[in-house]
Amino acid sequence: MGPKLHDRDFRGLAPWVLVLLITALSLFLRADYVWLVNLPSNWLIPVADWINLGMDWFVATFKWLFRAFNWVLNWPLVWTQSFLQWLPWPATVAAFCTVAYVASGWRLSLFTALSLGYMVVTGHWAPSMNTLAVVFISIPLAIAIGFVLAISAYRSKRVNSIVQPILDLMQTVPTFAYLIPILLLFGFGPVVGVVASAIYACPPMVRNMILGLQKVPSDVIESGLISGATSHQLFWWVQVPSALKNIMIGINQTTMAALSMVIIAAIIGSSADIGWEVLSTMRKAQFGQSLLAGIVIALIAMVLDRISWGFSDRTRAIERNHLPGLQRYRPWFVALGLMVIFTLLAMAVPFLRIYPEAWVVFPADPINQGLTYITANYAHVTDAFKNTTYFYFLLPLRIGLGKAISPFSWGFVLTSSMIWGYALVGAALSAWLFVKHGWKISIAAIILLIFLYFGITAMPWIGFILITSLLAWQIGGWKTASLSVLGWSFMLFSGVWPQAMLSVYMCLAAVIVCLLFGGALGIWASQNRVVSNFLRPINDTLQTMPLFVILIPFLMFFQIGEFTAFLAIIAYAIVPTIRYTEHGLRHVPEEIVEAAQSMGCTNRQILWEVKMPLAVPEIMLGLNQTVMFALAMLVISALVGTKGLGQSVYIALGKADPGLGLVAGFGMALIAIIADRIIQGWSLKRKEKLGISG
Amino acid sequence: MKTDNPVKLSCRNVWKVYGENPDQFFQNGSGQVDDLEKVGQQIADSGHIGAACNVSFDVHEGEIFIIMGLSGSGKSTMVRCISRLVEPTAGEVLMDGEDLLKISDKELIEFRRHKMGMVFQNFGLLPHLTVLENIAFPLKIQGISEEKRLARAREVIDLVDLTGREDSFPRQLSGGQQQRVGIARSLAVEPEIWFLDEPFSALDPLIRRQMQDEFMRLQKMLHKTIVFITHDFLEALRLADRIAIMKDGKVVQIGTPAELVLSPADDYVMEFTQDVPRVRVITAGEIVINGGSTDGLPRVNASSNLEQIMPMFANHPEGMAVERDGEIIGLVTPQAVVNALASESNSNGA
C-alpha cells in the first residue's frame with residue numbers, strides 16, 4: 001500500500017505537467033505547423049559553412065607547418081615499416097615471444113607465437129607488420145603527450161579544468177570526425193593514422209596517470225618531503241613509482257585505443273595495412289577474406305592487450321628487477337641471439353626470409369561457400385528473426401506505433417477505435433501507477449506511451465528538448481539542464497536534428513536490448529560462478545576488439561543494413577551492462593546479505609529485495625557505459641549502413657567536408673555527454689542516498 | 001628531569017588558519033594577538049577554520065613530548081607546522097634558536113635532510129622499493145652513494161630487529177614490521193629531532209604494546225628529542241615525559257603525566273584522566289621527601305610508579321631511598337603515598 005495521496009510529496013510535479021501539456025499541444029499542431037518537427041532551412045545557422053571557411057583559412061595558413069610535421073614523422077614510420085618488412089619473420093616472432101614471456105610468462109609467449117604464426121600461415125604478414133609499424137610509432141607519441149598533459153593537469157588546477165573537458169570531447173567526438181581536419185592538414189599518407197591514433201589514444205593515459213598521482217597516499221608524499229626531497233626528486237622517485245600501477249593501466253588502454261584508431265584510419269585507405277584488408281574485402285562482400293583478416297586484428301589486439309597488461313603487474317616487474325646481475329637480461333640475450341641466427345639463416349634459406357606464397361593456407365573460399373549455403377538454405381530463419389525485430393521493435397520506436405502498424409508489417413489496419421483503446425488503457429495505467437507508485441512513475445509511463453505511439457523521429461523538438469532538459473534539471477541542477485538545452489539547440493539550429501533523432505533512436509533501441517539481456521546475463525553471472533567464468537573471457541575479448549571487427553560476423557549473416565548495425569552495436573555495448581550488473585550484485589556489503597539470510601530470506605528474496613536495490617546505482621553506471629559504447633559503435637556501423645549522425649560523419653569524410661563532419665561529430669559528442677551527465681548524475685545521487693561510496 | 005636540559009625546539013604562538021584570506025588576522029606573520037578570544041571569534045565568523053590556534057610549547061633535548069588530542073584537535077596539523085609540511089599562518093618555530101619559518105626552501109630541504117626524521121601513521125613506505133631500499137631512501141635523496149647508504153641502512157635494520165627481511169617488499173610485511181621499517185627509515189639520517197605522527201595507531205593492541213616497548217628501548221639508546229602525536233591517552237601516559245593536550249586547535253594543558261592526572265586544568269582533561277589508576281601515574285620522584293636519613297634503605301628509581309613501589313613497603317615500612325641518575329634525592333614513605341592518593345581522591349570526590 002502506498003502512502004495516502006495527501007501525504008505525498010508533489011514537489012516537482014508542476015513543471016512536468018506543464019511540459020507534457022506543451023508536448024501534447026505541439027503534437028496536435030504539428031500537422032499545421034511543420035516547423036514544430038522540422039525547422040525550415042532558412043531558420044538554420046550555417047555552422048558547418050563557417051567551420052569550413054575557418055578551416056580553409058587555417059589550412060591555407062598553417063598547412064606548411066603540418067606538412068613539415070608529416071615529413072618529420074614520416075621518417076621513423078618508414079624506417080619502422082621497412083625494418084619490420086625486412087626482418088625475417090622467425091626473427092620477429094622470436095622478438096615478440098620474448099617480450100610476451102618477460103611480460104607474463106610462457107603461456108602468453110605461446111599464444112603470441114600462435115597468433116603471429118596465424119598471420120604468417122594465412123599470408124597476412126606484410127599488412128600486419130605495416131599496421132604494427134604505425135601502432136609502434138603512435139603509442140610512444142600518445143604516451144608522451146599523455147604524460148606531459150597529465151603532469152601539467154596534476155600540478156595546476158587551472159590546466160586541469162581546461163584539460164578535463166577536452167578529454168571528454170576527444171573521447172566522445174567520433175573518430176571519423178577528426179580524421180577529416182587531420183587529413184586536410186597532414187595530407188594523405190600513413191602519418192594521418194599515426195596522428196589520429198595518437199590524439200585518440202592519449203586521453204586514457206592522461207586520466208589514469210592523473211588518477212594514479214592523486215591516489216598516492218599523503219603519508220608517502222610527506223615521507224619523501226621530510227627526507228628533504230626536492231620537487232624533482234619527489235616527482236620521479238616518489239610520486240611516479242607509487243602511481244606506476246595506474247600509469248601502466250593507462251598505457252594498456254592507450255595501446256588498445258591506438259590500435260583501434262590505426263585500424264579505423266584504414267578508411268582513408270592510405271596504406272596497405274590490415275585494416276584496409278578488412279575494409280576493402282568487406283566492401284566487396286568477400287566475407288571469408290574479411291573474416292580471416294579480421295581475425296588477425298583480433299589476435300593483434302589480444303596480444304598487445306595481454307602484453308601491456310602483463311607489464312602493469314607490478315609484482316612481476318619488481319621481482320624481475322631484483323634478479324641478481326645479468327640474469328634479469330637473460331631472455332633478451334636469448335631473443336637477440338635467435339634474431340641474429342634467424343636473420344643469418346634467412347640469407348641461405350629463402351622460406352625463412354619470406355614465407356612462400358605456395359604454402360599459404362587461406363580458406364576464404366570454403367568459408368564463403370559455407371556462408372552461401374547457410375544464407376541460401378536458412379534465409380527463412382534469419383529473415384524471420386530480422387523482420388520480427390524490425391517490425392515489432394525497431395520500427396515502432398522510430399516512427400511510432402501510429403505509423404508502424406500496417407497490414408504489411410503487423411497484418412492489420414490500425415483503426416481509430418484501437419487508437420482510442422490505446423489512449424484509454426494508457427490513461428488507466430497511468431492513473432493506477434499514480435495511485436500505487438506515485439507521480440514520478442506515472443509521468444514516466446505517460447512519456448513512454450507518447451513516444452511509443454508517435455515515434456522518436458516524429459517527436460516535436462520542443463517536447464523532446466523540454467522533457468530531457470527537465471529531467472537533467474531535476475537530476476543535475478541548472479548546469480546539466482543548460483547543457484541539455486544548449487546541446488540540443490545546437491543540433492536543432494545547425495540542421496542535424498533529424499539525423500540526431502535517428503541516432504538517438506538507434507542508440508536507445510540497442511540500449512534497451514542491452515539492458516534486458518545484459519542485465520539478465522549479469523544477474524545470472526552474479527548467482528553462478530560457472531556462468532561468470534564463462535562470460536568473463538568473452539567480455540574481455542569483445543572489449544579489446546577494434547570496433548569494426550565486430551561488424552564482420554553480423555555482416556556475414558544479415559548483409560548491409562540497419563539491422564546488422566543494430567546487432568553489432570548490441571554485441572559491443574552489452575558488455576558493460578553485464579559487467580556492472582554482476583559487479584554491483586556481487587559487491588553488496590556482506591553483512592547486509594548475512595542479515596537478510598539470518599532473517600530467513602530465500603535466495604530469490606535476497607536478490608530482489610536486498611541486493612537489487614543496492615546494486616541499481618552500479619547497474620546505472622554500466623548503463624551509462626553502454627550508452628557511450630553504443631554511440632561509439634553507431635559511428636563505425638555507418639560503414640554498413642545506418643542513418644543518422646554517424647552516416648553524416650561518414651559522408652563528410654568521403655567528401656572531405658570538415659564542417660559537416662565536425663557538426664555531426666560534435667552532435668554525437670553532445671548526445672553522449674548529455675546522456676552521461678543525466679545517467680551518472682542519477683547514479684551518484686542514488687549512491688549518496690543509500691550511503692554507498694565510490 | 002628532562003626539563004632541565006636546554007630547549008631544543010620551541011613553538012611560539014603558532015597559528016594555522018584555513019580559509020580564503022587567513023593572513024588578515026595577523027600582522028607581519030606574528031602570532032601574538034592582543035585579544036585571543038576576539039581573534040578566535042573573528043576567525044570563526046568569517047568562515048575560516050583555526051586548525052592550530054596560538055600554540056606555544058618548548059621541547060627539551062632528549063625529551064619525549066607528546067601532543068595528545070582527539071581527531072580534529074589540530075595535533076597532526078601542529079607536527080606538520082613544525083616540519084613545515086604544512087605552512088603555518090603565523091608564529092615562530094625555533095630550533096636551536098633558529099626560526100624554521102623564516103628559512104628559505106633550500107635551507108629547509110637541507111634541514112629536513114639532516115636534522116629531521118618522521119614516522120607516519122600509515123607508514124608511508126614506497127611500494128616499489130625493498131625494505132633495505134626504503135630505509136636507505138632518505139640517504140639516496142642526499143646523494144649518498146649506493147654502497148654507503150645500504151651499509152648505513154643495514155646498521156639501522158639491526159636496530160629495529162628486521163634483520164633477514166632486507167629484500168622483502170612492504171606489502172609482504174605485517175603492519176608492525178612495516179612500521180619498524182618506517183622507524184628505521186626515519187632514523188637512518190640520525191636526526192636531531194624525531195617526529196612520530198600516531199605511529200602505532202594503525203596497529204593491533206598487542207602489537208601496539210610491543211612497539212611502544214620497542215620505542216622506549218630505542219629512546220634509551222638514542223636520547224632523541226621527540227615530538228610524538230597520539231590520540232590514545234594511555235599511550236601518552238606510558239611514553240611521555242610531558243604531554244600537551246589539544247582541543248579545537250588550542251593547547252588545553254601541558255604537564256607531566258602525573259601533573260595532568262593529579263591536577264587536570266579543566267573538565268575536558270579530567271574526562272581523560274578520571275579512569276586512570278593514580279598508582280600507575282604518580283612516580284616516586286614526585287612525592288619524594290627531601291632530607292632525612294636514607295642510610296641502609298633500599299633504593300628505588302625516581303621514575304618508578306607507586307604500583308611498583310607499594311609492595312616494597314611491606315618489608316620496609318620506614319620507606320625507601322629515591323635515586324635519580326645514580327644520585328639519591330630523598331625519601332619516599334608510606335605516609336607520602338597515602339597523602340598523594342588522599343589528596344587525589346579528595347579533589348575527585350569534591
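This is a short walk through a predicted model, stop by stop.

Before you click, chains are lettered from A and ligands numbered from 1 in the order in which they are written, and residues are numbered from 1 along each chain as its sequence is written. Since the model is predicted, local features need pLDDT of at least 70 and side-chain atom pairs count only at pLDDT 80 or more, while totals for chains, interfaces and linings use all residues.

**Stop 1: chain A**

Select chain A and colour it by secondary structure. You get 30 helices and zero strands (DSSP runs numbered from the N terminus: H or I of at least four residues for helices, E of at least two for strands). Its C-alpha trace spans about 85 × 65 × 60 Å along the principal axes. The radius of gyration of chain A is 28 Å, which agrees with the value near 26 Å for a compact globule of 694 residues (taken over C-alpha atoms; the rule is 2.2 Å times the number of residues to the power 0.38). Of those 694 residues, 45% count as buried, meaning 20 or more other C-beta atoms, placed from the backbone, lie within 10 Å of the residue's own.

**Stop 2: a helix pair in chain A**

Now pick H5 (residues 125–155) and H12 (residues 274–283) of chain A: they pack at about 120 degrees, with axes 7 Å apart. Axes are lines fitted to C-alpha atoms, for helices over the stretch in contact, and angles run from 0 to 180 degrees between N-to-C directions. That angle makes H5(A) oblique to H12(A), the class left after under 35 (roughly parallel), over 145 (roughly antiparallel) and 65 to 115 degrees (roughly perpendicular). Show side chains for A:Pro127, A:Ser128 and A:Thr131, which meet A:Ile274, A:Gly275 and A:Glu277; contact means C-beta atoms, placed from the backbone, within 7 Å.

**Stop 3: where B touches A**

Bring in chain B. The contact takes 21 residues from chain B and 17 from chain A. On the chain B side, H3(B) has the largest share, four residues. That side divides into twelve nonpolar, six polar and three charged residues (nonpolar: Ala, Val, Leu, Ile, Met, Phe, Trp, Tyr, Cys and Pro; charged: Asp, Glu, Lys and Arg; polar: the others, Gly among them).

**Stop 4: the domains of chain B**

Finally, colour chain B by domain: 1 (2–274) and 2 (279–349), with bounds from an automatic or database domain assignment. Their C-alpha centres lie 33 Å apart. Five residues of domain 1 of chain B contact five of domain 2. Helix H9 (residues 257–262) of chain B gives the most to the domain 1 side, four residues.

Methods. A residue is buried if 20 or more other C-beta atoms lie within 10 Å of its own, exposed if 12 or fewer, and partly exposed in between; C-beta atoms are placed from the backbone. Two residues are in contact if their C-beta atoms, placed from the backbone, lie within 7 Å.
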